[in-house]
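Me: I'm new to this one and would like to go through it piece by piece. Please show me what we're looking at, and then I'll start asking.

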Amino acid sequence: MRRILLVSHCILNPYSRAVGLLREEKVKASRRIIGALLQDLETGVIQLPCPELLYEGLGRKPAARESYDNPEFREICKKIADQAAKIAAEYEREGVRITAYLGVEGSPSCGVEWTHFMTDKPEKGRGVFTEILYEAMSNAGIKISLLGLPEKEKYGSLEELSRKLEALT
Ligand code: SF4
């Protein structure tokens with residue numbers, strides 16, 4: 001059965017990252033995961049827009065979740081999330097399953113299990129965008145798994161993520 005994954009923008013395009021966060025090992029990790037996914041001819045990938053880029057542009061400095069948890073940023077996230085939910089609903093009507101969202105662990109916006117609330121110390125929790133996207137999908141009646149790309153050992157391993165991706169139906 002054909003399936004589609006929604007992915008955070010920078011997993012495919014690392015140049016959207018905040019200043020100083022573009023690192024070769026991170027790019028390699030995301031390319032490995034996406035490369036393996038695209039080997040499956042039944043799998044499609046939708047790259048979502050980067051909410052932080054739309055909010056503060058490319059010159060932004062890395063910041064914690066508290067800098068993004070405000071009405072203006074939430075509105076940007078909501079627009080992206082509502083559009084993604086609309087597209088997802090259209091695919092599902094045509095029999096293509098939207099199975100998961102692949103976010104970026106540790107991100108104040110796209111973190112799934114890990115984010116940075118106030119400091120540079122990672123904590124368990126969801127990023128602002130992930131939270132809003134999940135809500136938009138639920139409101140549209142679409143059940144998706146939330147998975148995060150682990151860019152540090154603390155967040156998990158690529159092997160573990162690959163197993164979860166393979167297990168998606
Ligand atoms: S906001 Fe999301 S898509 Fe944009 S750089 Fe951060 S993790 Fe990537």
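Reply: First, a word on names: helices are DSSP runs of H or I with at least four residues, strands are runs of E with at least two, and both are numbered from the N terminus. Also keep in mind that this is a predicted model.

Me: Okay, let's start with a single residue. In which helix is Leu-158 placed?

Reply: Follow the numbering along the chain to residues 158-167, and you're in a helix that carries the name α7. Leu-158 has its place in that helix, α7.

Me: Is Leu-158 buried or partly exposed?

Reply: A residue needs 20 or more other C-beta atoms within 10 Å to be buried, while 12 or fewer would make it exposed. Leu-158 has 16 of them within 10 Å, so the verdict is partly exposed.

Me: Which residues is Leu-158 in contact with, leaving aside neighbours within four places in sequence?

Reply: Pro-108 is a handy one to look at for scale: it sits 50 residues from Leu-158 in sequence, with 20 Å from C-alpha to C-alpha. A contact needs C-beta atoms within 7 Å. Once the sequence neighbours within four places are set aside, the contacts of Leu-158 are Ala-29, Arg-32, Ile-33 and Pro-150.

Me: How are α2 and α7 oriented to each other?

Reply: Helix α2 covers residues 24-38, and its axis comes within 11 Å of the axis of α7, crossing at roughly 25°. The crossing is right-handed. Angles under 35 degrees count as roughly parallel, and therefore α2 and α7 are described as roughly parallel.

Me: How many nonpolar residues are there in the contact of α2 with α7?

Reply: On the α2 side we find Ala-29, Arg-32, Ile-33, Ala-36 and Leu-37, and they meet Leu-158, Leu-161, Ser-162 and Leu-165 of α7. Sorted by class, this contact has one polar residue, one charged residue and, for the nonpolar class, seven.

Me: Just ahead of α7 there's Gly-156. What does Gly-156 touch, not counting residues up to four places away in sequence?

Reply: Gly-156 lies in the loop between β6 (145-149) and α7. It counts as partly exposed, with 18 C-beta neighbours inside 10 Å. Glu-105 is 51 residues away from Gly-156 in sequence, yet the C-alpha atoms are 9.1 Å apart. With residues up to four places away left out, Gly-156 touches Pro-150 and Leu-161.

Me: Let's move to another pair of helices. How are α5 and α6 oriented to each other?

Reply: The axis of α5 and that of α6 (residues 128-139) come within 8 Å and cross at roughly 40°. The crossing of α5 past α6 is right-handed. Since roughly parallel needs an angle under 35 degrees and roughly perpendicular needs 65 to 115, α5 and α6 are therefore oblique.

Me: And how many charged residues are in the contact of α5 with α6?

Reply: Among the residues making the contact are Phe-73, Arg-74, Lys-78 and Asp-82 of α5, along with Val-128, Phe-129 and Ile-132 of α6. By class, the contact has 12 nonpolar residues and no polar ones, and the charged residues number three.

Me: Is Glu-72 buried or exposed?

Reply: Glu-72 belongs to helix α5, which takes in residues 71-93. The cut-off for exposed is 12 or fewer other C-beta atoms within 10 Å. Glu-72 has 9, so it is exposed.

Me: Which residues is Tyr-55 in contact with, leaving aside neighbours within four places in sequence?

Reply: Tyr-55 is found in helix α3 and is partly exposed, with 17 other C-beta atoms within 10 Å. Its C-alpha lies 8.0 Å from that of Glu-72, 17 residues apart in sequence, and 6.3 Å from that of Phe-73, 18 residues apart along the chain. Neighbours within four places aside, the contacts of Tyr-55 are Phe-73 and Ile-76.

Me: Last one, about the ligand. Which helix gives the largest share of the shell around the ligand?

Reply: The shell has 13 residues, the closest being Cys-10, Cys-50, Glu-52, Ser-107 and Cys-110. By class it has six nonpolar, five polar and two charged residues. Helices α1 (9-12) and α3 (51-56) each supply at least two residues. The largest share, three residues, comes from α3.

Methods:
Residues are numbered from 1 along each chain as its sequence is written. This is a predicted model: local features need pLDDT of at least 70, side-chain atom pairs count only at pLDDT 80 or more; totals for chains, interfaces and linings use all residues. A residue is near a molecule or strand if its C-beta atom, placed from the backbone, lies within 6 Å of it. Ala, Val, Leu, Ile, Met, Phe, Trp, Tyr, Cys and Pro count as nonpolar, Asp, Glu, Lys and Arg as charged, and the others, Gly among them, as polar. Axes are lines fitted to C-alpha atoms, for helices over the stretch in contact, and angles run from 0 to 180 degrees between N-to-C directions. Angles under 35 degrees count as roughly parallel, over 145 as roughly antiparallel, 65 to 115 as roughly perpendicular and the rest as oblique. A crossing is left-handed if the near helix is turned anticlockwise from the far one by less than a right angle, and right-handed if clockwise. Two residues are in contact if their C-beta atoms, placed from the backbone, lie within 7 Å.
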